[in-house]
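Me: I'd like to go through this one and check where each label comes from. Can we take it term by term?

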Amino acid sequence: MAGQAQPVRVVDLSAHGAHVVGGTALTVGARGTLRIANLRTPLPFMVKLSEGDSARLEFELDAATTQAFAGIPEQLARRRAAYRSGMR
């Protein structure tokens, strides 16, 4: 954080926040921006819980970002499910 980008893996995503793993430990209460590949909308967040390389983020979205992000978690979940079912 502190102006530094770090790659993480999003393991859970909703309209309200995300669970990410793989980054450096984050401080509860710290703020940042989550950028997801192929998603144009940067997602400002506050760290709600952090344990080692795992963190739960709560999004702090304004009205325009909320509108732009609406439905995205569901679309990504459907794509992931389709991908997984194709692997069987």
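Below, each label is set against its cut-off.

Me: Before the labels, what kind of model is this, and which atoms and numbering apply?

Reply: It's a predicted model, where local features need pLDDT of at least 70, side-chain atom pairs count only at pLDDT 80 or more, and totals for chains, interfaces and linings use all residues. Residues are numbered from 1 along each chain as its sequence is written, and side-chain values use heavy atoms, with hydrogens and water left out.

Me: What makes something a helix or a strand here, and how many of each does the protein have?

Reply: Both are DSSP runs numbered from the N terminus: helices are H or I with at least four residues, strands are E with at least two. On that basis the protein has 2 helices and 5 strands, and along the sequence they read β-β-β-β-β-α-α.

Me: How do you know whether the radius of gyration agrees with a compact globule?

Reply: The rule is 2.2 Å times the number of residues to the power 0.38, with the radius taken over C-alpha atoms. For 88 residues that lands near 12 Å, and the protein has 13 Å, so the two agree. Along the principal axes, the C-alpha atoms fill a box of roughly 40 × 30 × 20 Å.

Me: Why is His19 called buried?

Reply: Buried means under 20% relative accessible area, exposed means over 50%, and partly exposed is in between (1.4 Å probe, protein chains only). His19 has 14%, so it is buried. Across the protein, buried residues make up 28% of the 88.

Me: And what does His19 touch, leaving aside neighbours within four places in sequence?

Reply: Contact means heavy atoms within 4.5 Å. With those neighbours left out, the contacts of His19 are Arg9, Val10, Val11, Asp12, Ser54, Ala55 and Arg56. His19 itself sits in strand E2.

Me: What makes E2 (residues 17–21) count as mostly covered?

Reply: 5 of its 5 residues are buried. Gly17, His19 and Val21 point one way from E2, while Ala18 and Val20 point the other way, and all are buried.

Me: How do you know which strands E2 pairs with?

Reply: Two strands pair if DSSP finds at least two bridges between them. E1 (residues 9–13) and E2 have 4 bridges and run antiparallel, so they pass that test. E2 and E5 (residues 54–59) have 5 bridges, also antiparallel, so that pair passes too. As for single bridge partners, Leu13 is matched with Ala18 of E2, and Val21 with Ser54 of E5. E1 and E2 form a hairpin with 3 residues between them.

Me: Val11 is in E1. Why is Val11 called partly exposed?

Reply: Its relative accessibility is 28%, which is in the range between the buried and exposed cut-offs, so partly exposed is the label. Leaving out residues up to four places away in sequence, Val11 touches His19, Val21 and Arg80. Val11 and Ser54 are 43 residues apart in sequence and 9.8 Å apart in space, C-alpha to C-alpha.

Me: What makes Val47 buried, and where is it?

Reply: Val47 is in strand E4 (residues 43–51), and at 1% relative accessible area it is under the limit, so buried it is. Leaving aside neighbours within four places in sequence, its contacts include Leu26, Thr27, Val28, Arg56 and Leu57. Val47 and Leu26 are 21 residues apart in sequence and 7.2 Å apart in space, C-alpha to C-alpha.

Me: What makes the phi of Asn38 worth a remark?

Reply: Asn38 has a positive phi of about 65° although it is not a glycine. Most residues other than glycine have a negative phi. Asn38 sits in the loop between E3 (31–34) and E4.

Me: Why is Asn38 called exposed?

Reply: Its relative accessibility is 85%, which is over the exposed cut-off, so the label follows.

Me: Last one: why is Thr65 in helix H1 (residues 63–69) called buried?

Reply: Thr65 has a relative accessible area of 14%, so it is buried. Not counting residues up to four places away in sequence, Thr65 touches Thr41, Pro42 and Leu43.
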